[in-house]
Each structure stands twice: as C-alpha cells, then as structure tokens.
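The following exercises are to be worked with the sequence and the coordinates at hand. Each task is followed by a solution that proceeds step by step.

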Amino acid sequence: MDTHKIIVAIDGYSSCGKSTMAKTFARKTGYRHIDSGAMYRAVTLYCMRNGLFKADGSVDADRLEREMAGISISFRNNAVTGVTETYLNGENVEREIRSIEVSERVSPVSAIAVVRRVLTGMQQDFGREKGIVMDGRDIGTAVFPEAELKVFVTASPEVRARRRYDEMTAKGEKADYEAILENVKERDRIDSTREISPLRQAPDALVLDNGNMSLQEQDEWLMDRFNEKLESLNNR
C-alpha cells in the first residue's frame with residue numbers, strides 16, 4: 001500500500017485529451033482533479049458576458065484586473081456522472097465553457113499577466129494537500145515545478161481537431177472541422193509564444209504522444225507511470 005500522495009501535472013497542447021485522461025485517472029485513484037484550462041475558460045466566459053472584449057477581439061485588461069477579485073471559480077463533483085464540473089460565481093458553466101466561441105477567445109485572456117497570476121495562486125492552493133491531478137499548459141513548469149510526476153501530452157493538430165469535432169458533434173453541437181483546425185493551430189501559436197508562462201515541456205516531464213493511442217491505452221500508460229513513481233518513493 002502506498003504511503004505517499006503526490007501531485008500529477010499533465011501539460012500539453014490544446015485538445016490533446018488531457019482533461020479526459022486526468023478525470024479518468026482521478027476516478028481510479030481517488031485523487032482530486034483540477035482542470036486549469038477550465039479556469040481560464042471560465043474567466044473568458046465572464047469577459048464575454050460582461051463586455052470585456054473590444055471590437056478588435058482584444059481584452060480590456062485594465063477593467064479585468066479590477067474585476068478579477070469578484071470572479072470565483074470552483075469545482076464540484078456531479079453526483080450522477082462522477083465527473084468534476086466547473087462553477088463560475090456559483091453557476092455550473094461546464095457546458096458553456098466548452099463552446100467554440102470560448103475556445104476562440106481563451107488564448108488572449110490566458111496571456112494577461114493578472115489572470116495568470118490570480119489563477120496560478122488558486123491552483124497552488126488546490127494542491128497544498130497533494131493527492132491531486134491537474135492538467136493545463138504550465139502546470140509542471142509554473143504552477144507545480146516540484147510535482148513528483150509530470151507528463152507532457154502531444155498529438156498532431158489534425159488529430160486534435162478531429163477529436164474536438166467528434167466531441168462537439170456527439171453533444172449535438174454544430175461543428176466545422178476546418179474552423180476547429182485553424183483554432184487549434186492559432187491556440188498553439190499563442191500558447192507557445194506568449195511572454196508569460198508559455199507552453200513548454202518541463203525538462204523532467206515524460207512525453208506522451210497519444211495520436212495513435214486509444215483512451216484505454218493512454219489511461220494504462222499513465223497508471224503505469226504513476227505506480228512506478230509511487231513504488232520509487234515508497235522504496236526510499
């Protein structure tokens with residue numbers, strides 16, 4: 001029996017299935033799952049609802065900085081599905097934050113310094129007691145550089161766009177594959193080149209290219225790495 005609870009940090013490109021993998025892992029291990037990307041999506045939804053986007057698509061960063069203190073983001077387990085869902089100021093916004101409209105606007109919001117600073121602080125608070133799996137873009141580099149297990153997930157833009165398209169159509173939502181592909185590529189560009197906490201692989205992260213893997217295969221891969229890490233810690 002393991003005696004350690006650790007932090008599992010899963011980073012990688014958009015639409016790589018990080019959240020799906022993290023949610024499955026959390027259910028199997030009893031760890032708490034935090035989808036950091038959902039937090040940035042929730043702030044983006046707040047901006048959309050409150051007129052913080054300018055006509056040119058940029059964000060009124062000064063106003064957002066003033067209003068960040070009034071933005072509350074939390075996670076609750078759905079008693080029926082067992083899945084963690086995102087709440088914005090007490091409202092379940094899990095469905096709304098997954099829309100293509102939010103996807104198209106989240107990268108500019110994520111690049112704002114005050115947003116990253118505030119949300120990073122929230123994320124670090126979530127992880128103080130360990131026993132947590134968190135996925136995002138900078139978890140292993142900026143949020144939890146001391147995480148015991150770091151994974152960097154990747155796949156081609158085409159594979160990721162197809163997954164996003166299939167996910168949306170399965171929910172009965174309208175989806176345009178070419179538009180999704182362009183969004184994936186643009187998010188890659190913005191995430192990788194932003195000045196603050198750009199997307200990059202931590203030096204000690206394990207790389208997982210899941211482009212040709214089934215969900216079961218990637219879940220088994222992560223569980224194997226997790227068990228190996230616990231074994232090494234318990235044998236110290």
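**Exercise 1. Determine the strand order and the pairing sense of the open sheet of 3 strands.**

Solution. The model is a predicted one. Within it, the strands of this open sheet follow the order β3-β4-β5, and the pairing is antiparallel. The edge positions are taken by β3 and β5 (91–92); each has a single partner strand, so one side of each has no neighbour in the sheet.

**Exercise 2. State how many bridges join β4 to each of its partners, and identify bridge partners.**

Solution. Begin with β3: this strand and β4 (residues 84–88) pair in the antiparallel sense over 5 bridges. Among the paired residues, S74 has Y87 of β4 as its bridge partner, and F75 has T86. Next, take β5: 2 bridges join β4 to β5, and these strands also run antiparallel. Here Y87 has N92 in β5 as its bridge partner. 

The connections complete the picture. The hairpin of β3 and β4 has 6 residues between the strands, and G82 takes a positive phi near 80° there. In the hairpin of β4 and β5, with 2 residues between the strands, N89 takes a positive phi near 50°.

**Exercise 3. Decide whether β4 is largely enclosed or open, and sort its side chains by direction.**

Solution. First, apply the cut-off: a residue is buried when its relative accessible area is under 20%. By this criterion 5 of the 5 residues of β4 are buried, so the strand is largely enclosed by the rest of the structure. Second, recall that in a regular strand the side chains alternate between the two faces of the sheet. Accordingly, T84, T86 and L88 point one way from β4, while E85 and Y87 point the other way.

**Exercise 4. Check the length of helix α1 against the expected span, and list its buried residues.**

Solution. Helix α1 comprises 12 residues (residues 18–29). The rise of 1.5 Å a residue is multiplied by one less than the number of residues. The expected span is therefore 16 Å, and the end C-alpha atoms are 16 Å apart, which agrees. The buried residues of α1 are K18, S19, M21, A22, K23, T24, F25 and A26. Just after α1, G30 takes a positive phi of about 80°.

**Exercise 5. Describe the surroundings of D35 in strand β2.**

Solution. D35 belongs to β2 (residues 32–35). Its relative accessible area is 4%, which means that D35 is buried. The side chain of D35 reaches the backbone nitrogen of G37 at 3.1 Å. Not counting residues up to four places away in sequence, D35 touches S19, F75, R98 and D135.

**Exercise 6. Identify the residues with the most contacts inside the largest nonpolar core, and the elements that supply it.**

Solution. This core has 36 residues, and those with the most contacts inside it are V43, L64, I73 and V115. The elements that give two or more residues to this core include β1 (7–12), α2 (36–49), β3 (73–77) and α5 (113–126). The largest share, 8 residues, comes from α2. Leaving aside neighbours within four places in sequence, L64 is in contact with V43, C47, L52, V59, I71, I112 and V115. A second, separate core of 21 residues includes A22, F25, V153 and W221.

Technical notes: Residues numbered from 1 in each chain as written. Predicted model: local features only at pLDDT ≥ 70, side-chain atom pairs only at ≥ 80, totals over all residues. Heavy atoms only, no water. Helix = DSSP H or I, 4+ residues; strand = E, 2+ residues; numbered from the N terminus. Buried < 20%, exposed > 50% of the residue type's maximum accessible area, 1.4 Å probe, protein only. Core = buried A, V, L, I, M, F, W, Y, C linked by side-chain atoms within 4.5 Å. Contact = heavy atoms within 4.5 Å. Pairing = 2+ DSSP bridges. Polar contact = N/O pair within 3.5 Å; in protein donor to acceptor, adjacent residues only side chain to side chain.
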